[in-house]
Amino acid sequence: MKYLKRYWQIIFPILIMLLIWSFSAQNGDSSDSLSIPLAAKLGLTNRVVRKIAHFLIYAMLGASLANFFRSVEGKQFPKFKDILASILVAVVYSCIDEYHQSFIPDRDGNPIDILIDSLGAIAGI
């Protein structure tokens, strides 16, 4: 059982990264078809819903990365270096993801999204 938990601690951040990548690979119309109906139900603008989504998914990534780095040495709580490593991986992944988006039709790489992603990762940690 201990080994299964250990595997999930590395698999979960990878699954979140794959989910982020799949959302980023959608063209503008496909992406809007997910966020516009949700925005209407919540009474928010599409832009606000998308920024909240960035923040929340990167908060999940930050939390799962911190859990992974904490578990590497079998600690109960993450140390400062675990926190820094988690932030670094999340920020680098956000930069790569935004660069990837710049090649997708009707999408762009946005430095503001990198900031929102980074703040989400920090909040998740």
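**Five helices in a predicted model**

Helix α2, which covers residues 28-42, contains 15 residues and stretches 21 Å from its first C-alpha to its last, close to the 21 Å expected at 1.5 Å a residue. The model described here is predicted. Although its end-to-end reach is close to the expected value, α2 bends by about 25° at L34, and a proline, P37, follows within four residues. Four residues of this helix are buried, namely G28, S31, S35 and A39. The cover over these buried residues includes helix α3, residues 46-72.

Helix α2 is one part of a wider arrangement. The protein chain holds five helices and zero strands, and reading from the N terminus the order is simply α-α-α-α-α. Taken along the principal axes, the C-alpha atoms fill a box of roughly 45 × 25 × 25 Å. Of the 125 residues in the protein chain, 35% are buried. Contacts can also be sorted by how far apart the partners lie in the sequence: among contacts with a separation of 6 or more, 67% join residues 24 or more positions apart. The protein chain exposes about 7,700 Å² of surface, and carbon and sulfur atoms supply 72% of that area. As for charge, the chain carries 12 positive and 10 negative charges, and the mean positions of the two groups are 14 Å apart.

Helix α3, already met as cover for α2, has 27 residues and reaches 39 Å from its first C-alpha to its last, again close to the value expected at 1.5 Å a residue, which is 39 Å. After α3 comes G74, a residue with a positive phi near 70°. Within α3 itself sits A53, which counts as partly exposed because its relative accessibility is 42%, between the 20% and 50% cut-offs. A53 and G120 show how sequence and space can tell separate stories: they are 67 residues apart in sequence, while their C-alpha atoms are 9.6 Å apart in space.

A similar comparison can be made at the start of the chain. W8 lies in helix α1, residues 2-24, and with a relative accessibility of 46% this residue counts as partly exposed. The C-alpha atoms of W8 and F68 are separated by 8.8 Å, although their positions lie 60 residues apart along the chain when counted as a separation. Leaving aside neighbours within four places in sequence, W8 is in contact with P13 and L15.

Helix α4, residues 80-101, offers two serines to look at. The first to consider is S86, found in α4; S86 counts as buried because its relative accessibility is 0%, under the 20% cut-off. Apart from neighbours within four places in sequence, S86 is in contact with G62, L65, A66, F69 and I125. By contrast with those contacts, the C-alpha atoms of S86 and I112, 26 residues apart along the chain, are separated by 20 Å. The other serine, S94, is found in α4 too and counts as buried, with 0% relative accessibility. Not counting residues up to four places away in sequence, S94 touches Y58, D113, I114 and D117.

The loops on either side of α4 complete the picture. In the loop between α3 and α4 lies P78, which counts as partly exposed at 31% relative accessibility. With neighbours within four places in sequence set aside, P78 is in contact with R70 and I83. P78 and N110 are 32 residues apart along the chain, and their C-alpha atoms are separated by 30 Å. On the other side, the loop between α4 and α5 (residues 111-124) contains D106. The relative accessibility of D106 is 64%, over the 50% cut-off, so this residue counts as exposed. Its backbone deserves a second look: phi of D106 is near 65°, a positive value in a residue other than glycine. Most residues other than glycine have a negative phi.

Note on methods
Residues are numbered from 1 along each chain as its sequence is written. This is a predicted model: local features need pLDDT of at least 70, side-chain atom pairs count only at pLDDT 80 or more; totals for chains, interfaces and linings use all residues. Side-chain values use heavy atoms; hydrogens and water are left out. Buried means under 20% relative accessible area, exposed over 50%, partly exposed in between (1.4 Å probe, protein chains only). Contact means heavy atoms within 4.5 Å. Accessible areas come from the Shrake-Rupley method with a 1.4 Å probe; for residues, only the protein chains shown count as cover. Lys and Arg count as positive and Asp and Glu as negative; His and the chain ends are not counted. The place of a charge is taken as NZ of Lys, CZ of Arg, CG of Asp or CD of Glu. The expected span of a helix is 1.5 Å times one less than its number of residues. The bend at a residue is the angle between axes fitted to the seven residues ending there and the seven starting there.
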